[in-house]
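Let's take a walk through this model together, beginning with a sheet and ending with a pair of helices. Please keep the structure open as you read.

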Amino acid sequence: MKLWEKVYRIVLVLFLLVLNICNIIIFRGAYQKSVDTVEKAGISRWKNIAVSFSEDIAECGGNPEEGWSLFQSYVSDYYSENFVLELWKNRKLCLKSTPGSQQTDSAEEGEIFSDFLTEEEENKLLADGEKKGRAVILKKGDEKYCAVAGELSAGGYQLVLYEDVSDMLNIWREQMFFFVGLELVTSILMAILLYGIMRRFLRPVSGISEAASHIAAGDFAYRLPVRGKDEISELAENMNRMAGQIEEHMARREDEARRKQEFIDALSHELRTPMTSIRGYAQLVQGAKLSGEKRAQYMDYIVRESGRILDIAESLRQVMLMRRGEFKKEPISLKNLGRELLRMAEPCVKEKRITFDLEAEDAYIEGNETLLEILFMNLIRNSVHACHEQGRISVKLTGREAVVSDDGAGMTEECREHIFEPFYREDKSRSRKMGGSGLGMYLCRQIADMHGFSIEIESDKGAGTCIRIFNNFFTTS
C-alpha cells in the first residue's frame, strides 16, 4: 500500500469517526432537551389538574361514588387533549380512563390494572413522598407517552397523567434520518475531496520514490521537478543534490578507472619496447660472433634500456607514495630550495653549455621539499632537452608563483593538451633517444595537485616554453 493511500484511509476514518461522535453528541443532547421540555410541560399540566382535583375530591368527603363521578368529569374535560388519567391509593389502582375513549373503570367493579405501567415502572413512578409530580417517558407499542405522577393534597391519593407525545418525539427520528443521509452525502463528498487533496499534495512523494528507483538503477542524471518551498520541496532539492553528487562521484570514478586503464596500457607499451630491445641485443651478444666494438655497443644498448626500465620503476614508486599520501608538509624556504635546484641542475646544463638563471624570493611555502625538488627538476630537465646548445633557462620563485621558462623547441597545441598524460611524447622516437620514463610531467601534475598548485603552460612551436605554477597558499616572510 502506498503512503498516500495509508494517509487517505487514516484521515478518512478519523474524519468519519469524529463526525459520527459529534452527531451522536448533538442528537442526544437535542433529544434529551426535548424530553426535558416535554416532561416539564407534563408536570406543569399535572399541577394544574392536581390542584383543582384535590379541592374537588376534598369536598366529596371520601364518597366512592362521588369520587368516581368527579373522576369521570375530569376525563371528559381532558379527553379532547388526548390525556389519560389514573387515580391510585396506597399503590393500588382505584380509577382509570381508557386510552382513546371517555370510558372509565373503577376498582369497585373488580380489580383493574394500568394500561401503561409495568411493575418496575410502577415502582419508579409511584415512589412515596413525591408531591410536585414525577415525569417519565413510557413506550407503548409505537407510541410514546409522558407519564406524570404525584400525591394529591387530599385523601392520600396519587394522580397519574398520561399524555401522548409520539408526534413531538418522533420528529427527532425523522430529523435523525435526514441528518444521517446528509452525513452520508457529506462523507462521500469528503472522501472524494480528500482523495484529490491526498493525490495532489503527496504526489511529490511518489516522484521522490520514483527518483530513488532511477538512482538505484544507475540513472544518476534523473532530476525531480521542484515546486514550492515546503518540506517536500526541500526533500526534492536534497534528492536532486544527492543525485548530482553521486553522478559527479561516479563520473570521477569512471574517469579514474579510465585513466588507470590508460596508464596500465601505456605502461605495458613502454615496458615492452625496452624489454624487447634488451632481449634482442642479449640474444645477439649470446649467439652471434661479434667484434669487441659491436659487443660493447650492444652492451651499451642493454645498459641504457635497463636504466630506462629502472627510471620507469622509480617514477612509479614515487607516484604510489604520493597517492598513498605518504609525505609531510613543512615550511620551505624558497632561497634554500633555489640553492638546491642550482646544485642539482648544474651537471645537465653544463653538458649543453646552457645559461641557467635562478631567482628566489625570501619567502616560504608549505609543502614537501623532496617532492618539490622532483617537480622543479623534472621541469628543468624537460627544458634542457628542449634547448639547443648554448640555450637559456630561467627559474623564478616568488611569493605568489613559480616560473620555469626556456628558449627551446616549444610545444604544439596538441602537445600542450596531452603533456600531463602518462607516457605521452610528442616525438616518440626522438624522446626515447633522449631517455626518460615518459612520466615526468605526469609526476609534476600529481605533485602540484597534492600541494594545491595550479599549472599553466605558455608555449608555441619554435618559440620556447613558459610554465607558471600558482599557489594561493604561499606565505612570505
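In this predicted model, W88 stands opposite Q158 in β6. The wider setting is the pairing of β1 with β6: these strands run antiparallel and are joined by seven bridges.

Both strands belong to an open sheet of six, ordered β3-β2-β1-β6-β5-β4, with antiparallel pairing. At its edges stand β3 and β4, each of which has a single partner strand, so one side of each lacks a neighbour in the sheet. On average, and ignoring direction, neighbouring strands here are turned by 25° against each other.

Here are the residue ranges of the elements discussed in this report:

| Element | Residues |
|---|---|
| Strand β1 | 83–89 |
| Strand β3 | 104–106 |
| Strand β4 | 134–140 |
| Strand β6 | 157–164 |
| Helix α7 | 334–351 |
| Helix α8 | 369–386 |

Now for the helices. The axes of α7 and α8 come within 10 Å and cross at roughly 35°, and the crossing is right-handed. Which residues of α7 and α8 meet? From α7 come L337, E340, L341, M344, A345, C348 and V349, and from α8 come E373, F376, M377, I380 and V384. Ten of the residues in this contact are nonpolar, two are charged and none is polar.

Helix α8 itself has 18 residues and spans 26 Å from its first C-alpha to its last, close to the 26 Å expected at 1.5 Å a residue. Of those 18 residues, 13 are buried, so α8 is largely enclosed by the rest of the structure.

Key:
Residues numbered from 1 in each chain as written. Predicted model: local features only at pLDDT ≥ 70, side-chain atom pairs only at ≥ 80, totals over all residues. Heavy atoms only, no water. Axes fitted to C-alpha atoms, helices over the stretch in contact; angles between N-to-C directions. Helix = DSSP H or I, 4+ residues; strand = E, 2+ residues; numbered from the N terminus. Left-handed = near helix turned anticlockwise from the far one by under 90°. Contact = heavy atoms within 4.5 Å. Nonpolar A, V, L, I, M, F, W, Y, C, P; charged D, E, K, R; others polar. Pairing = 2+ DSSP bridges. Expected span 1.5 Å × (residues − 1). Buried < 20%, exposed > 50% of the residue type's maximum accessible area, 1.4 Å probe, protein only.
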